[in-house]
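Work through the exercises below with the model open. Each task is followed by a solution in steps.

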Amino acid sequence: MPLEPLLSIEEAARRLGGVSPNTISAWLVQGRMQRTKVGGRTMIRESELAKVIEDGGKSATGKRGGAVETAA
């Protein structure tokens, strides 16, 4: 069984069209992407990038809580 390629935060950011590495880090903290630890390094599986692309960058946890204002 072949191993899935792992990417650094910087490589993942480039692969997602040049988003900021800080954005990738924030998504990891928010749980929108899952990290894989290798030693002390945070790596991201290619399948995680595919999920983000498939979801169009939307949160995997669904809509955020809070009131929605509507025009009366």
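**Exercise 1: a loop residue**

Arg32 lies in the loop that connects H2 and E2. The model is a predicted one.

Task: decide whether Arg32 is buried or exposed.

Solution.
- Step 1. The cut-off for a buried residue is under 20% relative accessible area.
- Step 2. Arg32 has a relative accessibility of 18%, so Arg32 counts as buried.
- Step 3. For its spatial setting, take Lys51, which is 19 residues away along the chain: the two C-alpha atoms are 9.4 Å apart.

**Exercise 2: the fold along the chain**

Task: state how many helices and strands the chain has, and give their pattern along the sequence.

Solution.
- Step 1. The count is 3 helices and 3 strands.
- Step 2. Reading along the sequence gives β-α-α-β-β-α.

**Exercise 3: the sheet**

Task: find the strand order of the sheet and say which strands are at its edges.

Solution.
- Step 1. The 3 strands form an open sheet in the order E1-E3-E2, and the pairing is antiparallel.
- Step 2. Strand E1 (6–7) and strand E2 (36–38) each pair on one side only, which makes them the edge strands.
- Step 3. Between E1 and strand E3 (residues 41–45) there are 2 bridges, and these strands run antiparallel.
- Step 4. Within E3, Ile44 is the bridge partner of Leu7.
- Step 5. H3 packs on the sheet, where it touches E1 and E3, and its direction is at about 60 degrees to that of E3.

**Exercise 4: the nonpolar core**

Task: list the residues of the largest nonpolar core and say which helices each supply at least two of them.

Solution.
- Step 1. The core has 12 residues: Leu7, Ile9, Ala12, Ala13, Leu16, Ile24, Trp27, Leu28, Met33, Ile44, Leu49 and Val52.
- Step 2. At least two core residues come from each of helix H1 (9–15), helix H2 (21–30) and helix H3 (46–54).
- Step 3. Take Ile24 as a member of the core. With neighbours within four places in sequence set aside, Ile24 contacts Ile9, Ala12, Ala13, Leu16, Val19, Met33 and Ile44.

**Exercise 5: whole-chain values**

Task: give the buried share of the chain, its accessible surface and the share of contacts that join residues at least 24 apart.

Solution.
- Step 1. Of the 72 residues, 25% are buried.
- Step 2. The accessible surface is about 5,500 Å², with 52% of it belonging to carbon and sulfur atoms.
- Step 3. Considering contacts between residues at least 6 apart in sequence, 52% join residues at least 24 apart.

Methods: Residues are numbered from 1 along each chain as its sequence is written. This is a predicted model: local features need pLDDT of at least 70, side-chain atom pairs count only at pLDDT 80 or more; totals for chains, interfaces and linings use all residues. Side-chain values use heavy atoms; hydrogens and water are left out. A nonpolar core is a set of buried Ala, Val, Leu, Ile, Met, Phe, Trp, Tyr and Cys residues joined through side-chain atoms within 4.5 Å. Buried means under 20% relative accessible area, exposed over 50%, partly exposed in between (1.4 Å probe, protein chains only). Helices (H or I, at least four residues) and strands (E, at least two) are DSSP runs, numbered from the N terminus. Contact means heavy atoms within 4.5 Å. Accessible areas come from the Shrake-Rupley method with a 1.4 Å probe; for residues, only the protein chains shown count as cover. Two strands pair if DSSP finds at least two bridges between them. Axes are lines fitted to C-alpha atoms, for helices over the stretch in contact, and angles run from 0 to 180 degrees between N-to-C directions.
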